[in-house]
Amino acid sequence: MSRPLHILFLEDSVYDLKLMERELIYDGLVYLARRVETRADFLQQLTEFSPDLILADYHLPQFDGVSALLLTQELAPLAPVIIVTGGLNEEIAVNCMKMGAADYVLKEHLSRLVPSINSALEKKHILVEKRQAEATLRQSEQQYRFLVEHIADGIGILQHGKLVFVNDALAAMLGIKAEHLMGKSPLEILRQDYQAEFEDMLAHFTHEQSNLKPRSILQCLVTSEKREIWIEGYYSVIIWQGAPALLVNLHDITKHKVRGITIQQERDRLLHENLTLRATMKDRYRLGEIIGRSPAMQTVYEMIIKAAASEKDVVICGESGTGKELVAHTIHQLSSRQQQAFVPVNCGAVPEPLFESEFFGYCKGAFTGADRNKQGLFAAAHKGTLFLDEVEELTPTMQVKLLRVLENGEYTPVGERMPRKANARIIAATNHPLHELVEQGLMREDFFYRIHVIVITVPPLRERREDIPLLLEHFLAQFNPENPPSAIPGNILDSLYHHDWPGNIRQLRNTLYRYLTVGATDFIGFRLREIEEKKKQRAIQNGQGLRDVVAGVEKEMILQTLELCRWNRGQTAEVLHIDPKTLYRKLKQYNVT
(Lines give C-alpha, C1' and ligand atoms only; values in the text may rest on other atoms or scores of the structure.)
Protein backbone atom coordinates (compact mmCIF):
# COMPACT_ATOMS: atom_id res chain seq x y z
CA MET A 1 0.00 0.00 0.00
CA SER A 2 1.42 3.40 -0.98
CA ARG A 3 1.98 5.97 1.73
CA PRO A 4 -0.61 8.75 2.25
CA LEU A 5 -0.07 12.06 0.50
CA HIS A 6 1.79 14.68 2.58
CA ILE A 7 0.04 18.05 2.23
CA LEU A 8 1.28 21.22 3.89
CA PHE A 9 -1.39 23.91 4.41
CA LEU A 10 -0.27 27.52 4.72
CA GLU A 11 -3.54 28.83 6.11
CA ASP A 12 -4.55 31.00 9.08
CA SER A 13 -8.29 30.25 8.88
CA VAL A 14 -9.36 27.03 10.57
CA TYR A 15 -12.74 27.31 8.85
CA ASP A 16 -11.19 27.46 5.37
CA LEU A 17 -8.91 24.58 6.33
CA LYS A 18 -11.91 22.43 7.25
CA LEU A 19 -13.59 23.26 3.95
CA MET A 20 -10.53 22.19 1.95
CA GLU A 21 -10.11 18.98 3.97
CA ARG A 22 -13.76 18.17 3.40
CA GLU A 23 -13.17 18.36 -0.36
CA LEU A 24 -10.18 16.05 -0.04
CA ILE A 25 -12.06 13.50 2.07
CA TYR A 26 -15.12 13.70 -0.21
CA ASP A 27 -12.96 12.71 -3.20
CA GLY A 28 -11.35 9.85 -1.27
CA LEU A 29 -7.88 11.37 -1.08
CA VAL A 30 -5.69 9.65 1.54
CA TYR A 31 -3.41 12.24 3.08
CA LEU A 32 -1.54 13.55 6.10
CA ALA A 33 -1.80 17.29 6.71
CA ARG A 34 0.15 19.93 8.62
CA ARG A 35 -0.94 23.53 9.02
CA VAL A 36 1.45 26.47 9.40
CA GLU A 37 1.07 30.24 9.54
CA THR A 38 4.57 31.69 10.00
CA ARG A 39 7.77 31.54 7.94
CA ALA A 40 9.63 29.70 10.73
CA ASP A 41 6.95 27.00 10.95
CA PHE A 42 6.91 26.71 7.15
CA LEU A 43 10.70 26.18 7.00
CA GLN A 44 10.58 23.56 9.76
CA GLN A 45 7.75 21.58 8.16
CA LEU A 46 9.33 21.84 4.72
CA THR A 47 12.35 20.03 6.12
CA GLU A 48 10.77 17.59 8.60
CA PHE A 49 7.42 16.83 6.94
CA SER A 50 8.82 16.66 3.33
CA PRO A 51 5.46 17.62 1.78
CA ASP A 52 4.37 16.19 -1.57
CA LEU A 53 2.19 19.24 -2.17
CA ILE A 54 1.72 22.72 -0.68
CA LEU A 55 -1.58 24.61 -0.55
CA ALA A 56 -0.71 28.24 0.23
CA ASP A 57 -3.15 31.06 0.98
CA TYR A 58 -2.29 34.12 -1.11
CA HIS A 59 -3.36 36.61 1.65
CA LEU A 60 -1.68 36.02 5.05
CA PRO A 61 -0.58 38.76 7.43
CA GLN A 62 2.81 37.26 8.39
CA PHE A 63 3.90 34.94 5.53
CA ASP A 64 1.89 34.91 2.29
CA GLY A 65 1.56 32.38 -0.53
CA VAL A 66 3.98 34.11 -2.92
CA SER A 67 6.76 34.07 -0.29
CA ALA A 68 6.06 30.40 0.32
CA LEU A 69 6.24 29.74 -3.44
CA LEU A 70 9.65 31.40 -3.76
CA LEU A 71 11.04 29.61 -0.70
CA THR A 72 9.76 26.24 -1.94
CA GLN A 73 11.37 26.72 -5.34
CA GLU A 74 14.68 27.33 -3.57
CA LEU A 75 14.57 24.52 -0.98
CA ALA A 76 12.21 21.89 -2.43
CA PRO A 77 11.84 22.58 -6.16
CA LEU A 78 9.99 19.32 -6.87
CA ALA A 79 7.09 20.09 -4.49
CA PRO A 80 4.25 21.77 -6.45
CA VAL A 81 2.61 24.84 -4.88
CA ILE A 82 -1.07 25.61 -5.47
CA ILE A 83 -2.11 29.15 -4.56
CA VAL A 84 -5.48 29.42 -2.79
CA THR A 85 -7.12 32.83 -2.84
CA GLY A 86 -10.37 34.23 -1.51
CA GLY A 87 -11.04 36.71 -4.27
CA LEU A 88 -10.90 36.58 -8.09
CA ASN A 89 -8.04 38.67 -9.40
CA GLU A 90 -6.83 37.82 -12.90
CA GLU A 91 -3.55 39.72 -12.49
CA ILE A 92 -2.73 37.82 -9.29
CA ALA A 93 -3.46 34.48 -10.97
CA VAL A 94 -1.31 35.27 -14.01
CA ASN A 95 1.61 36.49 -11.87
CA CYS A 96 1.50 33.39 -9.70
CA MET A 97 1.57 31.09 -12.72
CA LYS A 98 4.46 33.04 -14.23
CA MET A 99 6.40 32.68 -10.95
CA GLY A 100 6.04 28.89 -11.11
CA ALA A 101 2.88 28.01 -9.22
CA ALA A 102 1.34 24.71 -10.29
CA ASP A 103 -2.17 26.23 -10.25
CA TYR A 104 -4.45 28.62 -8.37
CA VAL A 105 -7.86 27.83 -6.83
CA LEU A 106 -10.56 30.19 -5.60
CA LYS A 107 -11.99 29.44 -2.16
CA GLU A 108 -15.43 29.99 -3.69
CA HIS A 109 -14.75 27.08 -6.10
CA LEU A 110 -13.07 24.45 -3.92
CA SER A 111 -14.59 21.73 -6.11
CA ARG A 112 -11.59 22.38 -8.41
CA LEU A 113 -9.15 21.65 -5.59
CA VAL A 114 -8.78 17.87 -6.03
CA PRO A 115 -8.53 17.98 -9.87
CA SER A 116 -5.91 20.70 -9.49
CA ILE A 117 -4.00 18.55 -6.96
CA ASN A 118 -4.11 15.50 -9.27
CA SER A 119 -2.87 17.55 -12.21
CA ALA A 120 -0.02 19.04 -10.18
CA LEU A 121 1.05 15.62 -8.88
CA GLU A 122 0.99 14.17 -12.40
CA LYS A 123 3.22 16.96 -13.65
CA LYS A 124 5.52 16.40 -10.67
CA HIS A 125 5.74 12.69 -11.50
CA ILE A 126 6.69 13.47 -15.11
CA LEU A 127 9.27 16.01 -13.96
CA VAL A 128 10.80 13.54 -11.50
CA GLU A 129 11.10 10.87 -14.21
CA LYS A 130 12.64 13.38 -16.62
CA ARG A 131 15.24 14.49 -14.08
CA GLN A 132 16.06 10.88 -13.22
CA ALA A 133 16.52 10.12 -16.93
CA GLU A 134 18.71 13.20 -17.35
CA ALA A 135 20.78 12.18 -14.37
CA THR A 136 21.17 8.66 -15.77
CA LEU A 137 22.09 10.09 -19.17
CA ARG A 138 24.67 12.43 -17.64
CA GLN A 139 26.17 9.54 -15.73
CA SER A 140 26.35 7.32 -18.83
CA GLU A 141 27.83 10.17 -20.90
CA GLN A 142 30.47 10.77 -18.23
CA GLN A 143 31.33 7.08 -18.26
CA TYR A 144 31.42 7.12 -22.08
CA ARG A 145 33.71 10.15 -22.12
CA PHE A 146 36.05 8.40 -19.72
CA LEU A 147 36.15 5.30 -21.92
CA VAL A 148 36.66 7.02 -25.28
CA GLU A 149 39.44 9.19 -23.91
CA HIS A 150 41.43 6.07 -23.03
CA ILE A 151 41.30 4.19 -26.35
CA ALA A 152 43.57 4.57 -29.38
CA ASP A 153 40.84 4.99 -32.03
CA GLY A 154 39.57 8.41 -32.97
CA ILE A 155 36.01 9.00 -31.75
CA GLY A 156 33.70 11.77 -32.93
CA ILE A 157 30.00 12.49 -32.44
CA LEU A 158 27.93 14.40 -35.03
CA GLN A 159 24.64 16.16 -34.46
CA HIS A 160 22.94 18.30 -37.11
CA GLY A 161 26.00 17.90 -39.32
CA LYS A 162 28.38 19.35 -36.68
CA LEU A 163 30.94 17.79 -34.35
CA VAL A 164 29.69 17.90 -30.74
CA PHE A 165 32.35 15.61 -29.26
CA VAL A 166 35.92 14.75 -30.23
CA ASN A 167 38.30 12.62 -28.21
CA ASP A 168 42.01 13.35 -27.85
CA ALA A 169 42.98 10.48 -30.20
CA LEU A 170 40.97 11.96 -33.09
CA ALA A 171 42.31 15.46 -32.42
CA ALA A 172 45.88 14.12 -32.43
CA MET A 173 45.19 12.14 -35.60
CA LEU A 174 44.10 15.32 -37.39
CA GLY A 175 46.73 17.54 -35.82
CA ILE A 176 44.00 19.97 -34.68
CA LYS A 177 43.09 20.84 -31.11
CA ALA A 178 39.83 19.31 -29.93
CA GLU A 179 38.31 22.68 -29.03
CA HIS A 180 38.97 23.90 -32.59
CA LEU A 181 37.05 20.93 -34.01
CA MET A 182 33.96 21.37 -31.85
CA GLY A 183 31.03 22.84 -33.78
CA LYS A 184 32.72 22.34 -37.17
CA SER A 185 31.29 20.41 -40.09
CA PRO A 186 33.48 17.54 -41.32
CA LEU A 187 33.00 19.00 -44.81
CA GLU A 188 35.58 21.61 -43.82
CA ILE A 189 38.31 18.97 -43.54
CA LEU A 190 37.12 16.36 -46.05
CA ARG A 191 38.82 16.21 -49.42
CA GLN A 192 36.49 17.55 -52.08
CA ASP A 193 35.89 14.27 -53.90
CA TYR A 194 34.67 12.66 -50.65
CA GLN A 195 32.24 15.41 -49.66
CA ALA A 196 29.32 14.08 -51.72
CA GLU A 197 29.64 10.66 -50.04
CA PHE A 198 29.57 12.33 -46.61
CA GLU A 199 26.48 14.37 -47.56
CA ASP A 200 24.75 11.15 -48.67
CA MET A 201 25.58 9.61 -45.30
CA LEU A 202 23.99 12.56 -43.48
CA ALA A 203 20.95 12.38 -45.76
CA HIS A 204 20.45 8.68 -44.90
CA PHE A 205 20.79 9.51 -41.20
CA THR A 206 18.24 12.32 -41.47
CA HIS A 207 15.67 10.07 -43.15
CA GLU A 208 16.31 6.82 -41.28
CA GLN A 209 17.40 8.07 -37.84
CA SER A 210 17.71 5.19 -35.36
CA ASN A 211 17.00 2.56 -38.05
CA LEU A 212 20.39 3.26 -39.63
CA LYS A 213 22.63 0.21 -39.23
CA PRO A 214 26.37 0.58 -38.57
CA ARG A 215 28.22 1.17 -41.84
CA SER A 216 31.86 1.22 -42.81
CA ILE A 217 33.54 4.33 -44.20
CA LEU A 218 36.77 5.14 -46.05
CA GLN A 219 37.53 8.83 -46.44
CA CYS A 220 40.37 11.27 -46.98
CA LEU A 221 40.83 14.30 -44.72
CA VAL A 222 42.96 17.37 -45.37
CA THR A 223 44.63 19.12 -42.42
CA SER A 224 45.30 22.83 -42.16
CA GLU A 225 48.85 22.08 -43.41
CA LYS A 226 47.32 20.50 -46.57
CA ARG A 227 48.44 17.06 -45.42
CA GLU A 228 46.18 14.20 -46.53
CA ILE A 229 45.09 11.65 -43.93
CA TRP A 230 43.31 8.45 -44.94
CA ILE A 231 40.90 7.07 -42.34
CA GLU A 232 38.60 4.09 -42.16
CA GLY A 233 36.11 2.91 -39.60
CA TYR A 234 32.36 2.84 -39.13
CA TYR A 235 29.50 5.04 -38.02
CA SER A 236 26.33 4.20 -36.12
CA VAL A 237 23.40 5.94 -34.44
CA ILE A 238 23.40 6.70 -30.70
CA ILE A 239 21.41 8.93 -28.36
CA TRP A 240 23.53 11.87 -27.19
CA GLN A 241 22.12 14.43 -24.75
CA GLY A 242 18.63 13.19 -25.44
CA ALA A 243 18.76 13.38 -29.26
CA PRO A 244 19.88 11.05 -32.11
CA ALA A 245 23.51 11.49 -33.17
CA LEU A 246 26.12 9.76 -35.33
CA LEU A 247 28.98 8.03 -33.56
CA VAL A 248 32.05 7.82 -35.78
CA ASN A 249 34.86 5.41 -34.89
CA LEU A 250 38.01 5.99 -36.96
CA HIS A 251 41.60 4.88 -37.24
CA ASP A 252 44.46 6.16 -39.37
CA ILE A 253 45.41 4.00 -42.39
CA THR A 254 47.47 6.64 -44.21
CA LYS A 255 50.65 4.52 -44.41
CA HIS A 256 48.75 1.52 -45.76
CA LYS A 257 46.76 3.64 -48.21
CA VAL A 258 49.81 5.52 -49.52
CA ARG A 259 51.53 2.19 -50.10
CA GLY A 260 48.47 0.96 -52.02
CA ILE A 261 48.34 4.15 -54.10
CA THR A 262 52.01 3.77 -54.95
CA ILE A 263 51.42 0.18 -56.06
CA GLN A 264 48.42 1.24 -58.15
CA GLN A 265 50.42 4.03 -59.78
CA GLU A 266 53.08 1.51 -60.69
CA ARG A 267 50.43 -0.76 -62.17
CA ASP A 268 49.03 2.15 -64.17
CA ARG A 269 52.52 2.96 -65.44
CA LEU A 270 53.07 -0.62 -66.52
CA LEU A 271 49.62 -0.67 -68.15
CA HIS A 272 50.44 2.52 -70.03
CA GLU A 273 53.72 1.03 -71.19
CA ASN A 274 51.87 -2.10 -72.24
CA LEU A 275 49.34 -0.07 -74.20
CA THR A 276 52.13 1.91 -75.80
CA LEU A 277 53.87 -1.33 -76.76
CA ARG A 278 50.67 -2.71 -78.19
CA ALA A 279 50.18 0.50 -80.13
CA THR A 280 53.41 -0.16 -82.00
CA MET A 281 52.33 -3.65 -83.02
CA LYS A 282 51.24 -3.98 -86.63
CA ASP A 283 48.86 -6.37 -88.35
CA ARG A 284 46.61 -6.86 -85.32
CA TYR A 285 43.45 -8.65 -86.38
CA ARG A 286 41.40 -7.72 -83.28
CA LEU A 287 41.30 -5.40 -80.28
CA GLY A 288 38.97 -6.51 -77.56
CA GLU A 289 35.76 -7.52 -79.35
CA ILE A 290 36.59 -5.48 -82.46
CA ILE A 291 37.55 -7.57 -85.51
CA GLY A 292 39.66 -6.38 -88.45
CA ARG A 293 43.22 -6.23 -89.73
CA SER A 294 42.80 -3.69 -92.55
CA PRO A 295 44.96 -0.52 -92.53
CA ALA A 296 41.84 1.50 -91.74
CA MET A 297 41.19 -0.60 -88.62
CA GLN A 298 44.86 -0.43 -87.57
CA THR A 299 44.43 3.35 -87.44
CA VAL A 300 41.28 2.92 -85.34
CA TYR A 301 43.13 0.59 -82.96
CA GLU A 302 45.89 3.15 -82.43
CA MET A 303 43.33 5.86 -81.66
CA ILE A 304 41.49 3.56 -79.24
CA ILE A 305 44.70 2.81 -77.33
CA LYS A 306 45.61 6.49 -77.15
CA ALA A 307 42.11 7.37 -75.97
CA ALA A 308 42.22 4.61 -73.32
CA ALA A 309 45.44 6.03 -71.89
CA SER A 310 43.83 9.48 -71.59
CA GLU A 311 40.97 10.92 -69.54
CA LYS A 312 39.84 13.32 -72.25
CA ASP A 313 36.37 13.16 -73.81
CA VAL A 314 36.00 11.18 -77.04
CA VAL A 315 33.76 11.50 -80.09
CA ILE A 316 33.29 8.41 -82.27
CA CYS A 317 32.09 9.13 -85.80
CA GLY A 318 30.78 6.59 -88.27
CA GLU A 319 27.81 5.33 -90.20
CA SER A 320 25.07 3.34 -88.53
CA GLY A 321 26.10 -0.26 -87.89
CA THR A 322 29.89 0.30 -87.91
CA GLY A 323 30.23 -0.62 -84.21
CA LYS A 324 30.62 2.77 -82.52
CA GLU A 325 29.33 1.50 -79.17
CA LEU A 326 31.74 -1.44 -79.36
CA VAL A 327 34.61 1.03 -79.86
CA ALA A 328 33.41 3.04 -76.87
CA HIS A 329 33.19 -0.07 -74.69
CA THR A 330 36.69 -1.14 -75.75
CA ILE A 331 38.08 2.26 -74.74
CA HIS A 332 36.40 1.84 -71.36
CA GLN A 333 37.74 -1.69 -70.88
CA LEU A 334 41.32 -0.59 -71.65
CA SER A 335 41.16 2.53 -69.46
CA SER A 336 41.76 2.95 -65.74
CA ARG A 337 37.96 3.04 -65.27
CA GLN A 338 37.48 -0.57 -66.39
CA GLN A 339 36.31 -1.69 -62.92
CA GLN A 340 33.55 0.94 -62.88
CA ALA A 341 30.28 1.16 -64.78
CA PHE A 342 29.89 1.68 -68.52
CA VAL A 343 26.51 3.40 -68.94
CA PRO A 344 25.15 3.72 -72.52
CA VAL A 345 22.29 6.08 -73.34
CA ASN A 346 20.53 6.73 -76.64
CA CYS A 347 20.16 10.53 -76.69
CA GLY A 348 17.48 10.30 -79.36
CA ALA A 349 15.25 8.35 -76.95
CA VAL A 350 15.37 11.00 -74.18
CA PRO A 351 12.61 13.63 -74.56
CA GLU A 352 13.67 17.17 -73.65
CA PRO A 353 11.16 17.50 -70.73
CA LEU A 354 12.63 14.37 -69.12
CA PHE A 355 16.28 15.27 -69.72
CA GLU A 356 17.12 16.47 -66.19
CA SER A 357 15.32 13.64 -64.40
CA GLU A 358 17.00 11.03 -66.65
CA PHE A 359 20.53 12.46 -66.52
CA PHE A 360 20.55 14.01 -63.03
CA GLY A 361 17.92 11.89 -61.23
CA TYR A 362 15.25 13.14 -58.85
CA CYS A 363 14.21 12.83 -55.23
CA LYS A 364 10.95 11.57 -53.84
CA GLY A 365 8.17 14.15 -54.08
CA ALA A 366 9.98 16.32 -56.64
CA PHE A 367 6.95 16.18 -58.93
CA THR A 368 3.70 14.30 -59.36
CA GLY A 369 4.43 10.58 -59.61
CA ALA A 370 7.90 10.81 -58.03
CA ASP A 371 7.16 8.22 -55.33
CA ARG A 372 10.80 7.27 -54.77
CA ASN A 373 14.32 8.54 -55.23
CA LYS A 374 15.74 7.80 -58.67
CA GLN A 375 19.42 7.69 -59.56
CA GLY A 376 20.35 9.62 -62.70
CA LEU A 377 22.72 8.55 -65.46
CA PHE A 378 25.57 10.66 -64.09
CA ALA A 379 25.27 9.02 -60.67
CA ALA A 380 25.17 5.57 -62.30
CA ALA A 381 28.32 6.38 -64.31
CA HIS A 382 30.20 7.99 -61.39
CA LYS A 383 33.92 7.11 -61.69
CA GLY A 384 33.06 5.20 -64.88
CA THR A 385 32.08 6.05 -68.46
CA LEU A 386 28.91 7.65 -69.81
CA PHE A 387 28.35 6.77 -73.49
CA LEU A 388 26.16 9.26 -75.37
CA ASP A 389 24.94 7.52 -78.52
CA GLU A 390 23.35 9.70 -81.22
CA VAL A 391 24.66 12.81 -79.46
CA GLU A 392 23.45 14.89 -82.41
CA GLU A 393 19.88 14.32 -81.16
CA LEU A 394 20.47 16.56 -78.11
CA THR A 395 18.67 19.88 -78.46
CA PRO A 396 20.58 23.14 -77.75
CA THR A 397 18.71 23.45 -74.43
CA MET A 398 19.79 19.94 -73.42
CA GLN A 399 23.34 20.75 -74.53
CA VAL A 400 23.45 23.78 -72.19
CA LYS A 401 22.39 21.69 -69.18
CA LEU A 402 24.87 18.96 -70.08
CA LEU A 403 27.67 21.47 -70.68
CA ARG A 404 27.42 22.73 -67.09
CA VAL A 405 28.15 19.25 -65.79
CA LEU A 406 31.02 18.75 -68.24
CA GLU A 407 32.59 22.07 -67.22
CA ASN A 408 32.60 21.84 -63.41
CA GLY A 409 31.46 18.27 -62.70
CA GLU A 410 28.42 19.42 -60.68
CA TYR A 411 24.75 18.63 -61.17
CA THR A 412 21.62 18.97 -59.04
CA PRO A 413 18.96 16.22 -58.99
CA VAL A 414 15.41 17.42 -59.57
CA GLY A 415 13.84 18.42 -56.26
CA GLU A 416 17.14 18.91 -54.42
CA ARG A 417 19.04 22.09 -53.62
CA MET A 418 22.55 20.90 -52.91
CA PRO A 419 24.62 20.07 -56.01
CA ARG A 420 26.41 16.74 -56.34
CA LYS A 421 29.72 15.86 -57.92
CA ALA A 422 29.99 13.75 -61.07
CA ASN A 423 33.21 12.06 -62.13
CA ALA A 424 32.20 10.41 -65.40
CA ARG A 425 34.16 10.24 -68.62
CA ILE A 426 32.11 11.20 -71.66
CA ILE A 427 32.31 9.19 -74.89
CA ALA A 428 29.91 10.39 -77.59
CA ALA A 429 28.95 8.77 -80.88
CA THR A 430 27.38 10.25 -84.00
CA ASN A 431 26.66 9.34 -87.59
CA HIS A 432 26.48 13.02 -88.61
CA PRO A 433 29.44 15.39 -89.08
CA LEU A 434 29.21 17.52 -85.92
CA HIS A 435 30.78 20.60 -87.52
CA GLU A 436 27.90 20.66 -90.00
CA LEU A 437 25.43 20.66 -87.11
CA VAL A 438 27.29 23.63 -85.63
CA GLU A 439 27.03 25.47 -88.96
CA GLN A 440 23.30 24.70 -89.11
CA GLY A 441 22.76 26.00 -85.57
CA LEU A 442 21.70 22.56 -84.29
CA MET A 443 24.72 22.19 -82.01
CA ARG A 444 26.21 24.84 -79.76
CA GLU A 445 29.78 25.76 -80.58
CA ASP A 446 30.92 25.62 -76.94
CA PHE A 447 29.38 22.16 -76.54
CA PHE A 448 31.06 20.99 -79.76
CA TYR A 449 34.53 22.08 -78.60
CA ARG A 450 33.96 20.58 -75.14
CA ILE A 451 33.34 17.03 -76.41
CA HIS A 452 35.31 17.21 -79.68
CA VAL A 453 38.70 16.46 -78.09
CA ILE A 454 39.69 12.98 -79.26
CA VAL A 455 37.99 12.02 -82.53
CA ILE A 456 37.85 8.43 -83.77
CA THR A 457 36.34 7.76 -87.20
CA VAL A 458 35.14 4.20 -87.72
CA PRO A 459 35.30 3.31 -91.45
CA PRO A 460 32.27 1.76 -93.21
CA LEU A 461 32.53 -1.88 -94.18
CA ARG A 462 32.78 -1.11 -97.92
CA GLU A 463 36.10 0.64 -97.19
CA ARG A 464 37.54 -2.39 -95.35
CA ARG A 465 36.35 -5.34 -97.43
CA GLU A 466 39.50 -7.31 -96.54
CA ASP A 467 38.04 -7.65 -93.01
CA ILE A 468 34.90 -9.45 -94.21
CA PRO A 469 36.41 -12.99 -94.03
CA LEU A 470 37.54 -12.35 -90.43
CA LEU A 471 34.13 -11.00 -89.52
CA LEU A 472 32.37 -13.96 -91.11
CA GLU A 473 34.60 -16.38 -89.20
CA HIS A 474 33.83 -14.55 -85.96
CA PHE A 475 30.05 -14.52 -86.56
CA LEU A 476 30.04 -18.19 -87.55
CA ALA A 477 31.68 -19.08 -84.24
CA GLN A 478 29.09 -16.98 -82.41
CA PHE A 479 26.16 -18.53 -84.24
CA ASN A 480 26.66 -21.98 -82.72
CA PRO A 481 29.81 -22.22 -80.55
CA GLU A 482 29.40 -25.96 -79.81
CA ASN A 483 28.68 -26.98 -83.42
CA PRO A 484 30.07 -24.37 -85.84
CA PRO A 485 28.43 -24.32 -89.31
CA SER A 486 30.26 -25.80 -92.26
CA ALA A 487 32.07 -23.58 -94.78
CA ILE A 488 30.04 -21.07 -96.78
CA PRO A 489 29.87 -21.78 -100.55
CA GLY A 490 32.16 -19.74 -102.75
CA ASN A 491 29.38 -17.99 -104.68
CA ILE A 492 27.80 -16.81 -101.40
CA LEU A 493 31.17 -15.59 -100.13
CA ASP A 494 31.70 -13.74 -103.37
CA SER A 495 28.31 -12.01 -103.12
CA LEU A 496 28.97 -11.10 -99.50
CA TYR A 497 32.37 -9.69 -100.39
CA HIS A 498 31.16 -7.53 -103.28
CA HIS A 499 28.06 -6.13 -101.60
CA ASP A 500 28.28 -2.44 -100.55
CA TRP A 501 26.73 -3.08 -97.10
CA PRO A 502 24.93 0.23 -96.44
CA GLY A 503 24.05 -1.18 -93.00
CA ASN A 504 27.72 -2.10 -92.39
CA ILE A 505 28.70 -4.80 -89.89
CA ARG A 506 25.23 -5.05 -88.36
CA GLN A 507 23.74 -5.81 -91.78
CA LEU A 508 26.51 -8.32 -92.56
CA ARG A 509 25.83 -10.21 -89.33
CA ASN A 510 22.05 -10.23 -89.81
CA THR A 511 22.41 -11.33 -93.46
CA LEU A 512 24.74 -14.18 -92.46
CA TYR A 513 22.39 -15.34 -89.70
CA ARG A 514 19.47 -15.21 -92.15
CA TYR A 515 21.43 -17.36 -94.60
CA LEU A 516 22.38 -19.87 -91.89
CA THR A 517 18.77 -20.02 -90.72
CA VAL A 518 16.69 -20.07 -93.92
CA GLY A 519 19.37 -20.70 -96.57
CA ALA A 520 18.90 -17.38 -98.42
CA THR A 521 20.86 -14.14 -98.33
CA ASP A 522 17.95 -11.90 -99.43
CA PHE A 523 19.99 -8.74 -100.00
CA ILE A 524 17.21 -6.31 -99.42
CA GLY A 525 19.83 -3.62 -99.36
CA PHE A 526 20.29 -3.92 -103.17
CA ARG A 527 16.68 -3.04 -103.78
CA LEU A 528 16.76 -0.18 -101.32
CA ARG A 529 19.84 1.35 -102.97
CA GLU A 530 18.10 1.14 -106.36
CA ILE A 531 15.12 3.00 -104.86
CA GLU A 532 17.47 5.56 -103.36
CA GLU A 533 19.24 6.21 -106.67
CA LYS A 534 15.97 6.60 -108.59
CA LYS A 535 14.60 8.94 -105.94
CA LYS A 536 17.73 11.10 -106.09
CA GLN A 537 17.54 11.32 -109.88
CA ARG A 538 13.89 12.43 -109.78
CA ALA A 539 14.64 14.99 -107.05
CA ILE A 540 17.55 16.50 -109.04
CA GLN A 541 15.36 16.73 -112.13
CA ASN A 542 12.69 18.53 -110.08
CA GLY A 543 15.25 21.01 -108.66
CA GLN A 544 14.76 20.05 -105.00
CA GLY A 545 17.20 21.12 -102.28
CA LEU A 546 19.54 18.78 -100.41
CA ARG A 547 17.39 18.48 -97.29
CA ASP A 548 14.25 17.72 -99.30
CA VAL A 549 16.14 15.10 -101.31
CA VAL A 550 17.48 13.41 -98.17
CA ALA A 551 14.09 13.50 -96.47
CA GLY A 552 12.34 12.13 -99.55
CA VAL A 553 14.83 9.30 -100.00
CA GLU A 554 14.61 8.45 -96.32
CA LYS A 555 10.82 8.38 -96.32
CA GLU A 556 10.72 6.31 -99.53
CA MET A 557 13.19 3.79 -98.09
CA ILE A 558 11.14 3.47 -94.91
CA LEU A 559 7.90 2.95 -96.84
CA GLN A 560 9.42 0.38 -99.21
CA THR A 561 11.01 -1.53 -96.35
CA LEU A 562 7.72 -1.53 -94.44
CA GLU A 563 6.05 -3.04 -97.51
CA LEU A 564 8.73 -5.68 -97.87
CA CYS A 565 8.51 -6.53 -94.17
CA ARG A 566 4.68 -6.57 -94.25
CA TRP A 567 4.59 -3.53 -91.98
CA ASN A 568 6.39 -5.28 -89.14
CA ARG A 569 8.09 -2.29 -87.52
CA GLY A 570 10.56 -4.32 -85.47
CA GLN A 571 11.77 -6.22 -88.56
CA THR A 572 11.81 -2.96 -90.57
CA ALA A 573 14.09 -1.30 -88.00
CA GLU A 574 16.40 -4.33 -88.10
CA VAL A 575 16.59 -4.29 -91.92
CA LEU A 576 17.23 -0.54 -91.97
CA HIS A 577 19.83 -0.98 -89.19
CA ILE A 578 18.32 1.71 -86.98
CA ASP A 579 17.00 1.68 -83.44
CA PRO A 580 13.23 0.93 -83.22
CA LYS A 581 12.76 4.21 -81.30
CA THR A 582 14.42 6.09 -84.16
CA LEU A 583 12.06 4.39 -86.63
CA TYR A 584 9.00 5.35 -84.55
CA ARG A 585 10.21 8.95 -84.41
CA LYS A 586 10.72 9.12 -88.18
CA LEU A 587 7.30 7.55 -88.85
CA LYS A 588 5.78 10.33 -86.78
CA GLN A 589 7.96 12.94 -88.53
CA TYR A 590 6.84 11.81 -92.01
CA ASN A 591 3.22 11.27 -90.88
CA VAL A 592 3.33 7.58 -91.80
CA THR A 593 0.53 5.57 -90.17
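## Strand E4 and selected salt bridges

Strand E4 (residues 81–85) is mostly covered, with 5 of its 5 residues buried. The model is predicted.

**Exercise 1.** Determine which way each side chain of E4 points.

*Solution.*
- Start from the general rule: in a regular strand the side chains alternate between the two faces of the sheet.
- Val81, Ile83 and Thr85 point one way from E4.
- Ile82 and Val84 point the other way.
- Now add burial: all of these residues are buried.

**Exercise 2.** Identify the strands that pair with E4, and give the sense of each pairing.

*Solution.*
- Take strand E3 (residues 53–57) to begin with. It is joined to E4 by 4 bridges, and the two run parallel.
- Locate a contact point: Asp57 stands opposite Val84 in E4.
- Trace the connection. From E3 the chain passes through helix H3 (residues 65–75) to reach E4, and this β-α-β crossover is right-handed.
- Turn to strand E5 (residues 103–106). E4 and E5 pair over 4 bridges, again in the parallel sense.
- Here Thr85 stands opposite Leu106 in E5.

**Exercise 3.** Decide whether the partners in the salt bridge between Glu358 and Lys374 are buried, partly exposed or exposed, and place them in the chain.

*Solution.*
- The whole structure holds 22 salt bridges. In one of them, Glu358 pairs with Lys374, and the closest N and O atoms are 3.0 Å apart.
- Place the partners. Glu358 lies in helix H12 (residues 355–360) and Lys374 in strand E16 (residues 374–375); they are 16 residues apart, and the pair links distant parts of the chain.
- Apply the cut-offs: buried is under 20% relative accessible area, and exposed is over 50%.
- Glu358 has 26% relative accessibility, so it counts as partly exposed.
- Lys374 has 25%, so it too counts as partly exposed.

**Exercise 4.** Classify the partners in two further salt bridges, Arg444 with Asp446 and Arg464 with Asp467.

*Solution.*
- The side chains of Arg444 and Asp446 meet at 2.8 Å, N to O.
- Arg444 is partly exposed because its relative accessibility is 33%. Asp446 is partly exposed because its relative accessible area is 32%.
- The side chains of Arg464 and Asp467 meet at 2.9 Å, N to O.
- Arg464 has a relative accessible area of 1%, so it is buried. Asp467 is at 0% relative accessibility and therefore counts as buried.
- Elsewhere, salt bridges that share partners join Glu11, Asp16, Asp57 and Lys107 into one network. Asp57 is the residue that stands opposite Val84 in E4.

Key. Residues are numbered from 1 along each chain as its sequence is written. This is a predicted model: local features need pLDDT of at least 70, side-chain atom pairs count only at pLDDT 80 or more; totals for chains, interfaces and linings use all residues. Side-chain values use heavy atoms; hydrogens and water are left out. Buried means under 20% relative accessible area, exposed over 50%, partly exposed in between (1.4 Å probe, protein chains only). Two strands pair if DSSP finds at least two bridges between them. A crossover is right-handed if, with the strands pointing away from the viewer, the path from the first strand over the helix to the second runs clockwise. A salt bridge is a side-chain nitrogen of Lys or Arg within 4 Å of a carboxyl oxygen of Asp or Glu.
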